[in-house]
Amino acid sequence: MTTELKAAARTALACLDLTSLNDSDTAADIDALCRRAQTAHGPVAAVCVWPRFVAQARAALPAAIKVAAVANFPAGALDVQRALADVAEIAQAGGDEVDVVLPYRALLADQVTEVAEFLSEVRFASRPLTLKVIIESGELASAERIAQATRMALVAGADFVKTSTGKTPVGATPAAAAVMLKEIKASGLSSAGFKASGGVRSVADAAGYIAQAEAALGGAMLTPQRLRFGASGLLTDIEAVLAGAASTASDAAY
């Protein structure tokens with residue numbers, strides 16, 4: 001067990017959005033998720049749930065653990081009224097953060113003005129909550145489209161740009177992360193953050209993104225205010241590494 005891997009595990013834990021977004025989620029599942037969020041090694045940054053579970057999660061967690069919920073999820077339709085309804089439900093239930101899906105199919109169809117208006121309306125409605133914009137990088141596919149979506153999210157006022165819903169075949173990749181981090185740096189926004197989500201299952205996976213973020217934007221990126229990981233299974237590997245055991249994930253993708 002290397003010192004570097006343990007350091008990555010500690011960073012990943014502090015920056016983890018522990019997530020449950022299954023169609024079959026129940027109140028019991030959310031209770032279990034909230035218990036898992038408070039580990040022997042310290043708390044996660046946030047839990048991420050469906051809007052209908054926000055009030056339950058908020059009541060179950062200490063204030064130090066944020067409650068995030070998804071909007072316009074997972075399809076990412078160009079449907080601002082649905083997205084605004086989700087945002088209102090999250091805010092009224094006491095949520096702290098909104099993870100909204102950018103209408104990526106509309107962007108691929110060159111509906112740039114409409115997507116920009118969508119993002120602007122969601123940002124206005126979601127203040128003062130933290131807003132993470134999911135660009136669905138695996139569906140955008142090209143570096144040019146990933147860069148465009150990232151820029152649009154940042155111009156609209158997103159606090160974070162996020163790789164994926166985790167519901168499409170391609171989630172987070174080092175290549176997409178590199179493009180997104182480059183755009184964050186180019187924006188000059190000293191508070192903008194990056195969230196890797198979709199297929200991040202091991203500390204080794206997370207370590208790669210941590211190294212990328214630090215190389216692109218410095219050590220100031222390595223806090224939950226600037227870096228997040230969206231995952232359901234990553235915590236098991238983090239706990240194993242911090243306990244001094246072998247990694248539980250032998251198929252690290254990074």
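Begin with the whole chain in view: this predicted model contains 11 helices and 10 strands. Its radius of gyration is 17 Å, close to the 18 Å that the globule rule gives for 254 residues, so the protein is as compact as a globular protein of that length. If you turn the C-alpha trace along its principal axes, it spans about 50 × 40 × 30 Å. Of the 254 residues, 52% count as buried, while the exposed area comes to about 10,300 Å², with carbon and sulfur atoms supplying 54% of it. Among contacts with a separation of 6 or more, 75% are between residues 24 or more positions apart.

**The barrel**

Now show the strands alone, and follow the 8 strands that close into a barrel in the order 1-4-5-6-7-8-9-10, with parallel pairing. From one strand to the next, the twist averages 25 degrees.

For one pair in detail, select residues 97-101, which form strand 6, and residues 130-134, which form strand 7; these two are joined in the parallel sense over 5 bridges. Within this pair, V100 has V133 in strand 7 as its bridge partner. Next, add helix 6, residues 112-126, which lies across strand 6 and strand 7 and runs at about 155 degrees to strand 7. Helix 2, residues 27-36, can be viewed in a similar way, since it lies across strand 1 (16-19) and strand 4 (46-49) and runs at about 160 degrees to strand 4.

**Strands 4 and 5, and the loops that follow them**

Keep strand 4 on screen and add strand 5, to which it is joined by 4 bridges in a parallel arrangement; here A46 stands opposite K66 in strand 5. Strand 5 is mostly covered, with 5 of its 6 residues buried.

Continue into the loop between strand 5 and helix 4, where you will find N72. Most residues other than glycine have a negative phi, and most peptide bonds are trans. N72, which is not a glycine, has a positive phi of about 55 degrees, and at 0% relative accessibility it counts as buried, because the limit for that word is under 20%. Just after it, the peptide bond from F73 to P74 is cis, with omega near -5 degrees, and P74 belongs to this loop between strand 5 and helix 4 as well.

Which residues make up the aromatic pair, and how are their rings arranged? A search of the whole structure finds 1 aromatic pair. The rings are those of W50 and F73, whose centres are 5.6 Å apart and whose planes meet at 80 degrees, so the pair is edge-to-face. The two residues come from distant parts of the chain, 23 residues apart, with W50 in the loop between strand 4 and helix 3 (54-60) and F73 in the loop between strand 5 (66-71) and helix 4 (80-92). Both W50 and F73 are buried.

**Strands 8 and 9**

Select residues 193-197, which are strand 9, and note that 5 of its 5 residues are buried. In a regular strand the side chains alternate between the two faces of the sheet. In strand 9 both faces are covered, with G193, K195 and S197 buried on one side and F194 and A196 buried on the other. Strand 8, residues 160-162, runs parallel to strand 9 and is joined to it by 3 bridges, and K162 stands opposite K195.

Is V161, which lies in strand 8, buried or exposed? V161 is buried, with a relative accessible area of 0%. Leaving aside neighbours within four places in sequence, the contacts of V161 include V133, T150, L154, I184 and F194. V161 and K195 are 34 residues apart in sequence, yet their C-alpha atoms are 6.1 Å apart in space.

**Last stops**

Return to helix 6 and pick F124, which counts as exposed at 70% relative accessibility. If you draw a line from its C-alpha atom to that of V54, 70 residues away along the chain, the separation is 20 Å. In the loop between helix 6 and strand 7 you will come to P128, which a cis peptide bond joins to R127, with omega about 5 degrees.

Finally, select A141 in the loop between helix 7 (137-140) and helix 8 (143-156). Phi of A141 is near 70 degrees, a positive value in a residue other than glycine, and A141 is exposed, with a relative accessible area of 59%.

Methods: Residues numbered from 1 in each chain as written. Heavy atoms only, no water. Pairing = 2+ DSSP bridges. Axes fitted to C-alpha atoms, helices over the stretch in contact; angles between N-to-C directions. Contact = heavy atoms within 4.5 Å. Rg over C-alpha atoms; globule rule 2.2 N^0.38 Å. Buried < 20%, exposed > 50% of the residue type's maximum accessible area, 1.4 Å probe, protein only. Areas by Shrake-Rupley, 256 points an atom, 1.4 Å probe, with all protein chains shown as cover. Phe/Tyr/Trp six-rings, centres within 6.5 Å; stacked < 30°, edge-to-face > 60°.
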